[in-house]
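Work through the exercises below with the structure open. Each task is followed by a solution in steps.

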Amino acid sequence: MRDVSLPTDLLEWYDRHARDLPWRVSPAARQAGQVPDPYRVWLSEIMLQQTTVAAVRDYFLRFTTLWPDVHALAAAPDEQVMGEWAGLGYYARARNLLKCARAVVTEHNGRFPDDHDSLLKLPGIGPYTAAAISAIAFDQAETVMDGNVERVMARLFNEATPLPAVKPTLKSHAAGLTPPQRPGDYAQAVMDLGATICTPKSPACGICPWRSPCSARAAGTAANLPAKSPKKPKPTRYGTVFLGRRADGAWLLERRPDKGLLGGMLGWPGSDWASEPIPPMPPCNADWQALPGEVRHTFTHFHLILTVMIADLPQSCAPRVGQFLPRQDFRPSDLPTVMRKAYDLSQA
DNA sequence: TATCCGTGGAG
DNA sequence: TCTCCAAGGAT
């Protein structure tokens with residue numbers, strides 16, 4: 001027997017407390033008949049993967065201004081899209097974003113498929129995003145499982161088993177609660193609950209619409225759930241980058257290969273990044289000088305300490321790697337953050 | 001199943 | 001300064 005009161009309670013809370021987000025159709029507008037634009041739902045969900053609402057907002061507005069629909073995005077040059085994504089991180093998302101837009105145009109007549117299985121076949125769309133798009137954009141009764149939902153379910157049912165082993169159990173709990181009515185609003189409601197009330201630290205149980213049925217709240221374990229298996233320490237790696245500038249203002253940059261770290265992004269030529277500093281090979285012969293200070297940056301799984309070398313290069317310079325980008329084509333904002341930090345050091 | 005893949009804000 | 005971690009996906 002499905003407990004219908006829990007979803008109803010949450011939807012009533014959502015009707016009063018839904019956040020105003022640029023990609024969201026408010027519950028009031030939705031019930032008045034306004035339907036979401038699948039393109040905007042898709043774009044927002046890709047950007048929101050492992051990324052906060054605060055970080056996504058401006059990027060979403062910029063992208064939808066530059067490319068209002070999937071046809072426009074599909075026709076955009078790769079370099080421009082990668083440049084606009086710079087700073088948001090997880091750059092495979094940007095590469096797959098373009099692949100997906102072009103697949104929707106060429107294989108789906110410019111319209112996003114509405115079913116979970118077809119969505120799942122598209123680049124960059126996994127189980128969570130497929131469920132989110134079919135629920136939010138097409139109002140299908142799919143169960144979305146993201147970090148928020150996992151946390152809310154672990155607490156609601158007081159599941160003490162650590163992640164990731166407990167995931168199937170949490171998914172089962174979530175599926176049992178997913179209502180046939182307003183599944184799109186419900187999916188967003190659970191995630192809003194996790195983002196604003198059932199937070200990782202110091203959850204606001206006192207104002208939670210689910211405080212009464214919450215098992216962890218009763219047991220006093222909410223703040224410690226979900227349990228997680230211990231994570232590995234991050235090693236430190238070292239490297240060198242070369243900032244070469246010509247008298248005409250052009251900078252020597254290279255496009256990184258699609259696979260691997262910062263794949264497809266613009267960057268400064270330099271050494272590999274290794275556990276010990278290595279003698280670097282300059283991209284061309286010049287009077288390279290080390291800048292005072294260093295760049296420190298932390299990626300998902302290692303710390304990086306970067307030495308920054310700079311030199312004025314002759315107009316005749318024929319670099320071993322990379323190519324010169326004319327001054328008017330160079331925007332520091334096109335660089336991934338670690339590369340922009342190196343540029344900032346040179347301008348300090 | 002485990003690892004790789006960014007970034008910036010909160011505490 | 002340091003750890004955690006946010007609407008995950010690909011391999």
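**Exercise 1.** Identify the residues that come nearest to DNA strand C, and sort the surface near DNA strand C by residue class.

Solution. The model is a predicted one.
- Step 1: 27 residues lie around DNA strand C, and those that come nearest are Gly 124, Thr 129, Asp 146, Asn 148 and Pro 200.
- Step 2: by class, the residues of this surface are 10 nonpolar, 9 polar and 8 charged.
- Step 3: helix H9 (127-136), helix H10 (147-156) and helix H12 (183-196) each contribute at least two residues to the surface near DNA strand C.

**Exercise 2.** Determine which parts of DNA strand C face the protein, and list polar pairs that reach bases or phosphates.

Solution.
- Step 1: take the atoms of DNA strand C within 4 Å of the protein; 67% of them belong to sugar or phosphate, and the rest belong to bases.
- Step 2: use a cut-off of 3.5 Å between N or O atoms for a polar contact.
- Step 3: for a base, the side chain of Arg 19 has an N or O atom 3.2 Å from a base nitrogen of DNA strand C.
- Step 4: for phosphate, a backbone N or O atom of Tyr 128 is 3.2 Å from a phosphate oxygen of DNA strand C.
- Step 5: a polar side-chain atom of Lys 231 is 3.3 Å from a phosphate oxygen of DNA strand C.

**Exercise 3.** Decide whether H9 is mostly covered or mostly open, and name the helices its buried residues pack against.

Solution.
- Step 1: a residue counts as buried under 20% relative accessible area.
- Step 2: in H9, 9 of 10 residues are buried, and the helix is mostly covered.
- Step 3: among the buried residues of H9 are Tyr 128, Thr 129, Ile 133 and Ile 136.
- Step 4: the packing partners of the buried residues of H9 are helix H2 (27-31), helix H3 (38-47), helix H8 (116-120) and H12.
- Step 5: combine this with the DNA results. Tyr 128 is buried, and a backbone N or O atom of Tyr 128 lies 3.2 Å from a phosphate oxygen of DNA strand C. Thr 129 is buried and is also one of the residues that come nearest to DNA strand C.

**Exercise 4.** Trace the pairing of strand S6 (residues 303-313) with S1, S4 and S5.

Solution.
- Step 1: S6 is mostly covered, with 8 of its 11 residues buried.
- Step 2: strand S1 (residues 236-246) runs parallel to S6, joined by 11 bridges; here Arg 245 is opposite Asp 312.
- Step 3: strand S4 (residues 289-290) is antiparallel to S6 over 2 bridges, and Ala 290 is opposite Met 309.
- Step 4: strand S5 (residues 295-298) is antiparallel to S6 over 4 bridges, with Val 295 and Leu 306 as bridge partners.
- Step 5: the link from S5 to S6 is a hairpin of 4 residues.

**Exercise 5.** Locate the cis peptide bonds at Pro 164 and Pro 226, and the positive phi angles at Tyr 90 and Asn 158.

Solution.
- Step 1: the bond from Leu 163 to Pro 164 is cis, with omega near 0 degrees. Pro 164 sits in the loop between H10 and helix H11 (167-177).
- Step 2: the bond between Leu 225 and Pro 226 is cis, with omega about -5 degrees. Pro 226 sits in the loop between helix H13 (215-219) and S1.
- Step 3: Tyr 90 is not a glycine, yet its phi is positive, about 45 degrees. Tyr 90 lies in the loop between helix H6 (78-85) and helix H7 (92-107) and is partly exposed at 44% relative accessible area.
- Step 4: Asn 158, also not a glycine, has a positive phi of about 50 degrees. Asn 158 lies in the loop between H10 and H11 and is partly exposed at 28%.

Terms used
Residues are numbered from 1 along each chain as its sequence is written. Chains are lettered from A and ligands numbered from 1 in the order in which they are written. This is a predicted model: local features need pLDDT of at least 70, side-chain atom pairs count only at pLDDT 80 or more; totals for chains, interfaces and linings use all residues. Side-chain values use heavy atoms; hydrogens and water are left out. A residue is near a molecule or strand if one of its heavy atoms lies within 4 Å of it. A polar contact is a pair of N or O atoms within 3.5 Å; within protein, one must be able to donate a hydrogen and the other to accept it, and residues adjacent in sequence count only if both atoms are side-chain atoms. Ala, Val, Leu, Ile, Met, Phe, Trp, Tyr, Cys and Pro count as nonpolar, Asp, Glu, Lys and Arg as charged, and the others, Gly among them, as polar. Buried means under 20% relative accessible area, exposed over 50%, partly exposed in between (1.4 Å probe, protein chains only). Contact means heavy atoms within 4.5 Å. Two strands pair if DSSP finds at least two bridges between them.
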